[in-house]
Amino acid sequence: MQTWLEKIQAHKKPLLVLAGLILIVVLWLGNTVRNLIHNKAEMQKLTHQSAQLDAEYEQLLKTRALLEAQDPALIEKIARTEYGLAKPGEVEFRFSTK
């Protein structure tokens, strides 16, 4: 009768192959789980950022509507001073104050 150690030594090759396959599966699953956790965290971050941007966009739309209702000349002034915009066909001159 064989002892358990003799049985293991008799089936050494299949056991090594099985151990190698188990190791590959464990490493592959570990990497997949890590990627899944990372992707979920990134998704939560982007969802939060998207909600913030949506709220900011809605606020800007409200501000725009208020400005348009009050004074279109004010919008033109803001566009020219804050954003450096000009009407089509206009030539803008900029001077350095150095």
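Here are some short exercises on the salt bridges of this predicted model.

**Exercise 1.** Find out which helix has the lowest mean pLDDT and which has the highest.

*Solution.* Start with the whole chain: its mean pLDDT is 85, and 99% of its residues reach 70 or more. Now go element by element. Helix H1 (residues 4-10) sits at the bottom with a mean of 75, while helix H2 (residues 12-70) comes out on top with 89.

**Exercise 2.** Work out how glutamate 76 and arginine 80 meet, and how far apart they are in helix H3.

*Solution.* First, check the distance: the two side chains form a salt bridge, 3.0 Å from N to O, inside the 4 Å cut-off. Next, look at the spacing. These residues are four apart in helix H3 (residues 72-83), so about one helical turn separates them. Finally, try accessibility: glutamate 76 is partly exposed at 33%, and arginine 80 is partly exposed too, at 32%.

**Exercise 3.** Track down the salt-bridge partners that lysine 87 and glutamate 90 have.

*Solution.* Take lysine 87: its side chain pairs with glutamate 76 at 3.7 Å, N to O. That pair links distant parts of the chain, 11 residues apart, with lysine 87 in the segment after H3 and glutamate 76 in helix H3 itself. Then take glutamate 90, whose salt bridge goes to arginine 80, with the closest N and O atoms 3.0 Å apart. Since glutamate 90 lies in the segment after H3 and arginine 80 in helix H3, this pair ties together parts 10 residues apart in sequence.

**Exercise 4.** How many salt bridges does the whole structure have, and which residues are linked in a network?

*Solution.* A search of the whole structure turns up three. Put together, Glu76, Arg80, Lys87 and Glu90 are linked in a salt-bridge network.

Methods. Residues are numbered from 1 along each chain as its sequence is written. This is a predicted model: local features need pLDDT of at least 70, side-chain atom pairs count only at pLDDT 80 or more; totals for chains, interfaces and linings use all residues. Side-chain values use heavy atoms; hydrogens and water are left out. pLDDT is the predictor's confidence in each residue, from 0 to 100. Helices (H or I, at least four residues) and strands (E, at least two) are DSSP runs, numbered from the N terminus. Buried means under 20% relative accessible area, exposed over 50%, partly exposed in between (1.4 Å probe, protein chains only).
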